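Colleague: Could you pull up the model and talk me through it?

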Amino acid sequence: MPHPYVLLSAAVSLDGFLDDTGPERLLLSGPADFDRVDEVRASSDAILIGAGTIRADNPRLLVNSAERRAARVAAGRPEYPLKVTVSGSGDLDPDAQFWHTGGEKVVYTTDKGAERATHTLRGLDVDVVPTGAELDWRVVLEHLHDARGVRRLMVEGGGRVHTQLMTQGLADELQLAVAPLFVGEPDAPRLFGPGGYPPGRMRLVETRPVGDVVLIRYVPTAPGEGALAAAADRHWLGVACELAALCPPSATAFSVGAVVVAADGTELARGHSREGGDPVVHAEEAALAKIDPADPRLRSATVYSSLEPCARRASRPAPCARLILDAGVRRVVTAWREPDTFVTEADGNGLLVAAGADVVVLPEFEERAVAPNRHLLAAG
Ligand SMILES: NC(=O)c1ccc[n+]([C@@H]2O[C@H](COP(=O)([O-])OP(=O)(O)OC[C@H]3O[C@@H](n4cnc5c(N)ncnc54)[C@H](OP(=O)(O)O)[C@@H]3O)[C@@H](O)[C@H]2O)c1
Ligand SMILES: [Zn+2]
């Protein structure tokens with residue numbers, strides 16, 4: 001069930017509000033930040049807002065810069081990103097600017113909402129897609145990926161939408177523009193409402209002043225159980241795949257990256273194949289060797305490895321699946337099952353599961369994990 005990369009974007013006041021309670025939309029960002037948002041829009045395949053934001057702000061959601069639109073067209077993409085909204089009720093104003101400007105439009109809604117929306121939006125070129133009795137965010141993201149080819153989704157609010165994507169572990173990145181002003185009204189809309197958020201701290205990837213606002217970019221990092229694990233797992237498996245690209249080339253061994261992450265999202269160590277001049281060291285082995293075996297965080301840590309940990313190897317006495325179990329780690333996330341290029345029945349995942357470990361395979365990363373090993377597969 002591949003999803004697009006989901007980027008939450010919002011401007012907030014110093015007291016954490018998205019807007020005030022007045023009838024006009026409160027301008028939190030300045031011109032420089034609106035231009036930055038325009039650039040992020042231009043880089044996205046689709047932009048999503050909730051029906052509440054259509055009602056409150058009546059936005060057009062365009063890429064305003066003609067150069068950026070021309071660059072999209074030159075790259076073979078539609079001039080404007082796909083515009084997406086979600087509504088439970090299907091109560092959507094057919095005169096809203098959303099429907100009459102910019103790119104193609106799609107509404108995700110409930111079965112009941114679809115009846116209503118199909119009626120109120122009749123005559124408009126809008127795709128109304130029901131996700132069942134309730135609005136189901138996973139169905140929305142899968143449909144955007146599979147039916148609409150969306151690989152990068154920018155979400156521009158409001159608070160209800162942001163809160164659900166973050167608490168359901170579906171957000172890959174948060175881009176926050178913090179504006180130097182206060183709202184101070186208790187009933188104003190908040191960026192994030194109450195809910196079960198991913199545990200631990202997010203990872204800071206960038207801060208940048210943009211005029212008088214500050215852009216902060218965070219990614220979720222804490223692996224966990226269930227839905228909350230999803231975004232952190234994608235982040236860390238992406239890191240493992242990037243590490244695989246650092247491996248010294250080899251005609252006789254795989255290039256693999258691995259990273260060991262504590263339950264609170266702290267990185268404990270990373271490694272890649274053949275690092276540090278050791279011609280036979282494996283990625284998981286290299287990473288685990290950097291951690292004190294007595295570190296109590298190992299028991300609840302996750303090993304992310306671009307390739308399934310090995311179950312047998314000629315070069316060292318213990319295969320990586322064994323090293324992982326011996327280190328006390330009981331959760332492994334990987335992108336690619338080991339092909340029988342070098343050993344047959346290389347079932348490291350099976351060995352881990354038989355010993356009581358949780359193994360998650362994220363096939364959407366397989367292509368990236370395979371990329372630095374393509375020559376080995378072609379030869380075999
Ligand atoms: N500062 C910023 O960057 C920024 C950005 C965007 C918005 N805003 C502000 O945010 C405010 C609007 O936020 P909001 O939280 O009220 O609205 P919202 O998140 O834009 O939209 C909420 C609506 O989306 C639909 N929806 C969302 N999740 C659903 C679910 N699980 N099931 C069914 N329906 C679901 C519902 O539509 P139905 O009601 O049709 O069922 C719901 O009322 C406005 O004041 C706006 O100015 C600020
Ligand atoms: Zn190995």
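Modeller: We can go through the metal site, a helix and the other ligand in turn. This is a predicted model, in which local features need pLDDT of at least 70 and side-chain atom pairs count only at pLDDT 80 or more, while totals for chains, interfaces and linings use all residues. Residues are numbered from 1 along each chain as its sequence is written, chains are lettered from A and ligands numbered from 1 in the order in which they are written, and side-chain values use heavy atoms, with hydrogens and water left out.

Colleague: Which protein donors does the zinc ion (ligand 2) have?

Modeller: They are His282 through ND1, Cys310 through SG and Cys320 through SG, lying 2.0 to 2.3 Å from the ion. Donors here are N, O and S atoms within 2.8 Å of the metal (3.2 Å for Na, K and Ca), and because water is not among the atoms, sites may look incomplete.

Colleague: How are the donor residues spaced in sequence?

Modeller: The spacing is H-x27-C-x9-C. His282 sits in the loop between strand 11 (267-272) and helix 8 (283-288), and Cys320, 38 residues apart from it, belongs to helix 9 (residues 320-326), so the pair links distant parts of the chain. Helices (H or I, at least four residues) and strands (E, at least two) are DSSP runs, numbered from the N terminus.

Colleague: And is Cys320 buried or exposed?

Modeller: Cys320 is buried, with a relative accessible area of 0%, whereas His282, at 25%, counts as partly exposed. Buried means under 20% relative accessible area, exposed over 50%, and partly exposed in between (1.4 Å probe, protein chains only).

Colleague: Switching topic, why is helix 6 described as largely enclosed?

Modeller: Because 7 of the 9 residues of helix 6 (residues 159-167) are buried; among them are Val161, His162 and Leu165. What covers them includes strand 1 (5-12), strand 3 (82-87) and helix 5 (137-148), where contact means heavy atoms within 4.5 Å.

Colleague: What about ligand 1, how many residues surround it?

Modeller: There are 25, and the closest are Thr53, Arg55, Ser87, Ser89 and Gln164, a residue being near if one of its heavy atoms lies within 4 Å. The largest share of that shell, 6 residues, comes from helix 2.

Colleague: Where does Gln164 touch ligand 1?

Modeller: A polar side-chain atom of Gln164 lies 2.6 Å from a nitrogen atom of ligand 1, and a backbone N or O atom of Arg160 is 2.9 Å from one of the ligand's oxygen atoms.

Conventions: Polar contact = N/O pair within 3.5 Å; in protein donor to acceptor, adjacent residues only side chain to side chain.
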